[in-house]
Amino acid sequence: MTRPLITILIAVLLSFTLLILNVNHRQKVQYLEGMKGEQAGNFMVALTGYESAIRMYLPFSALPEQSAQRIWALAEIAERKGDTERALAAYRSLRSAWYAVRWLRQPGQSWINRCNTRIAALTAQRKGSTQ
């Protein structure tokens, strides 16, 4: 009775470890894709890479936070250039990436709140300029 239980426990632990390693690797790959896109000046590739890294959330990984910082920076750059559409796309992407993450608590809540504030301001600004 003990031997099958130990075998099952080892199999479950091994599977869980492999899953975490796989997600961690994919998260790093997506973050690097975001960096490559940003360095090449390709906004959408950068945004997609960073967003994907956030969606592959692991509680001990620093990459979701770093990805969020990079998306925020992309949005701020777009705002300074007067590109409201890109800024909104970045803020919405950042917000939706954190909403997609589920854990024991809602990770990224401060990012969600910051994005909501910027989205509301830019949307109001855009509406005011079209009237």
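## Close-up views of a five-helix model

Leu18 sits in helix H1, which covers residues 2-40. Welcome to this tour of a predicted model, which starts from that helix and then moves on through other parts of the chain.

**View 1. A nonpolar patch on the surface that includes Leu18.** Three leucines, Leu14, Leu18 and Leu21, make up this surface patch. Together they give it an area of about 300 Å². Residues three or four places apart in an α-helix point the same way, because the helix has 3.6 residues a turn.

**View 2. The whole protein, for orientation.** How many helices and strands does the protein have? There are five helices and zero strands, so the order from the N terminus reads α-α-α-α-α. The radius of gyration is 19 Å, well over the 14 Å given by the globule rule for 131 residues, so the protein is more spread out than a compact globule. Along the principal axes, the C-alpha atoms fill a box of roughly 75 × 30 × 20 Å. Of the 131 residues, 36% count as buried. The protein exposes about 8,300 Å², with 60% of that supplied by carbon and sulfur atoms. Among contacts between residues at least 6 apart in sequence, 58% join residues at least 24 apart.

**View 3. Gln27 and its surroundings.** Here we return to helix H1, where Gln27 lies. Is Gln27 buried or exposed? Its relative accessible area is 0%, so Gln27 is buried. Setting aside neighbours within four places in sequence, the residues in contact with Gln27 are Ala53, Met56, Tyr57, Leu58, Ser61, Leu63 and Pro64.

**View 4. A salt bridge between Arg70 and Glu38.** The closest N and O atoms of this pair are 2.2 Å apart. The bridge links distant parts of the chain, since Arg70 belongs to helix H3 (residues 63-80) and Glu38 to helix H1, 32 residues apart. Arg70 is partly exposed, with a relative accessible area of 27%, and Glu38 also counts as partly exposed, at 23%.

**View 5. A salt bridge within helix H2, between Arg55 and Glu51.** In this pair the closest N and O atoms are 2.8 Å apart. The two residues are four apart in helix H2 (residues 43-55), so about one helical turn separates them. Arg55 is partly exposed at 39% relative accessible area, whereas Glu51, at 17%, counts as buried.

**View 6. Asp83 meets Arg86.** Their side chains form a salt bridge, with 3.8 Å from N to O. Asp83 is partly exposed, its relative accessible area being 29%, and Arg86 is partly exposed at 41%. In total, the protein has five salt bridges.

**View 7. Helix H4 and the loop that follows.** Helix H4 takes in residues 84-100, 17 residues in all. From its first C-alpha to its last it reaches 24 Å, close to the 24 Å expected at 1.5 Å a residue. Which residues of H4 are buried? They are Thr84, Ala87, Leu88, Ala90, Tyr91, Ser93, Leu94, Ala97 and Trp98. Between H4 and helix H5 (109-130) comes a loop that holds Arg105. Arg105 counts as exposed, because its relative accessibility is 56%. The C-alpha atoms of Arg105 and Ile71 are separated by 22 Å, and these residues are 34 apart along the chain.

Methods
Residues numbered from 1 in each chain as written. Predicted model: local features only at pLDDT ≥ 70, side-chain atom pairs only at ≥ 80, totals over all residues. Heavy atoms only, no water. Patch = residues over 30% accessible without salt bridge, like charges linked within 9 Å, V, L, I, M, F, W, Y side chains within 5 Å. Areas by Shrake-Rupley, 256 points an atom, 1.4 Å probe, with all protein chains shown as cover. Salt bridge = Lys/Arg side-chain N within 4 Å of Asp/Glu carboxyl O. Buried < 20%, exposed > 50% of the residue type's maximum accessible area, 1.4 Å probe, protein only. Contact = heavy atoms within 4.5 Å. Expected span 1.5 Å × (residues − 1). Rg over C-alpha atoms; globule rule 2.2 N^0.38 Å.
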